[in-house]
Amino acid sequence: MTILEMIAQVAEPWAHAYSDSTLLMTGVTFTHVAGFLIAGGLALSADRAVLRNCGPAAPAFDPAAFESMHAPILLGLGVTVLSGVLLFLSDVQTFATSPVFWSKMGFLALLMGNGAVLRRTARRISSSAEPGRVWQALRRSAQASSILWLVAVLTGVMLVNL
């Protein structure tokens with residue numbers, strides 16, 4: 001028995017409960033989308049603030065306000081990950097063998113890595129000896145974040161059609 005078969009076997013009671021209950025399907029799917037909507041909406045708002053106010057002469061950019069967005073974004077992502085695990089366990093064989101699923105996981109990993117870079121770069125704004133380079137790095141990271149959030153949504157929509 002492969003690891004995939006063992007996971008599917010352990011998840012079988014959940015998969016049956018999930019497929020037999022419209023309420024459960026709706027609740028888990030809503031939780032997944034809502035967590036992603038909250039995290040992505042806040043992240044895109046933060047990205048927009050960076051892109052609109054990015055430069056050494058940008059008094060409107062507040063690193064503390066930017067930093068305060070991090071916890072709710074992570075909370076939304078956490079809800080999304082937990083509900084995503086439940087969705088994965090509802091049909092292990094389909095998701096585990098889907099290139100679209102693994103593409104989405106890859107984009108989410110890139111998104112989270114970029115988020116760490118974005119946060120670290122924003123912290124360096126006030127203390128950098130070369131603020132122009134830091135602003136450029138922050139701008140590139142915000143642009144990448146916006147693109148990665150949209151690609152993650154696209155791959156999620158593609159998963160619905162499996």
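Read from one end of the sequence to the other, the protein follows the pattern α-α-α-α-α-α-α, and its secondary structure accordingly comes to 7 helices and 0 strands. The model is a predicted one, and along its principal axes the C-alpha trace spans about 60 × 30 × 25 Å.

A useful place to begin is helix 2, which covers residues 22-52. Two packed helices are described by the angle between their axes and the distance between the axes, and both quantities are given below for three pairs that involve this helix.

The first pair joins helix 1, residues 3-19, to helix 2, with axes that come within 6 Å and cross at roughly 100°. Because of that angle, helix 1 counts as roughly perpendicular to helix 2. On the side of helix 1 the contact involves W14, A17, Y18 and S19, which meet L24, M25, V28 and T29 in helix 2. Sorted by class, the residues of this contact divide into 6 nonpolar, 2 polar and no charged.

The next pair is helix 2 with helix 4, the latter running over residues 70-90. Their axes come within 8 Å and cross at roughly 150°, and the two helices are therefore roughly antiparallel to each other. The crossing of helix 2 and helix 4 is left-handed. From helix 2, the residues V28, T29, T31, H32, G35, F36, A39, L42 and A43 take part in the contact, while helix 4 contributes P72, I73, G76, L77, V79, T80, S83, G84, L86 and L87. This contact between helix 2 and helix 4 has 11 nonpolar and 8 polar residues, with no charged residues.

Helix 2 also packs with helix 7, residues 131-160. The axes of helix 2 and helix 7 come within 9 Å and cross at roughly 150°, which means that helix 2 is roughly antiparallel to helix 7. Here, too, the crossing is left-handed. In the contact itself, F36, A39, G40, A43, L44, D47, V50 and L51 of helix 2 meet L138, R139, A142, Q143, S145, S146, W149, A152 and V153 of helix 7. By class, 11 of the residues in this contact are nonpolar, 4 are polar and 2 are charged. F36, A39 and A43 appear in the list for helix 7 and again in the list for helix 4.

From the packing of the helices we can turn to the pockets. The largest pocket holds about 910 Å³ of space, and of the 35 residues that line this pocket, H32, L87, K104, G156 and L159 are the closest to its centre. Two of these, H32 and L87, are also named in the contact of helix 2 with helix 4. At least two lining residues come from each of helix 2, helix 4, helix 5 (92-96), helix 6 (99-124) and helix 7, and the largest share, 9 residues, is supplied by helix 2. The lining of the largest pocket has 24 nonpolar, 9 polar and 2 charged residues.

The second largest pocket contains about 300 Å³ of space. It is lined by 19 residues, and those that lie nearest its centre are H70, I73, G115, A116 and L118. I73 is also among the helix 4 residues in the contact with helix 2. Helix 2, helix 3 (63-68), helix 4, helix 6 and helix 7 each provide at least two residues of this lining, but in this pocket the largest share, 7 residues, belongs to helix 6. By class, the lining of the second largest pocket divides into 12 nonpolar, 4 polar and 3 charged residues.

Taken together, helix 2 is a thread that runs through this account: helix 2 supplies the largest share of the lining of the largest pocket, and helix 2 is roughly antiparallel to helix 4.

Key
Residues numbered from 1 in each chain as written. Predicted model: local features only at pLDDT ≥ 70, side-chain atom pairs only at ≥ 80, totals over all residues. Heavy atoms only, no water. 1 Å grid on protein atoms, 1.4 Å probe; cavity = no way out; pocket = protein on both sides within 12 Å on 5 of 7 lines; lining within 4 Å. Points joined across faces, edges and corners; volume = space filled by probe spheres on them. Nonpolar A, V, L, I, M, F, W, Y, C, P; charged D, E, K, R; others polar. Axes fitted to C-alpha atoms, helices over the stretch in contact; angles between N-to-C directions. Parallel < 35°, antiparallel > 145°, perpendicular 65-115°, else oblique. Left-handed = near helix turned anticlockwise from the far one by under 90°. Contact = heavy atoms within 4.5 Å.
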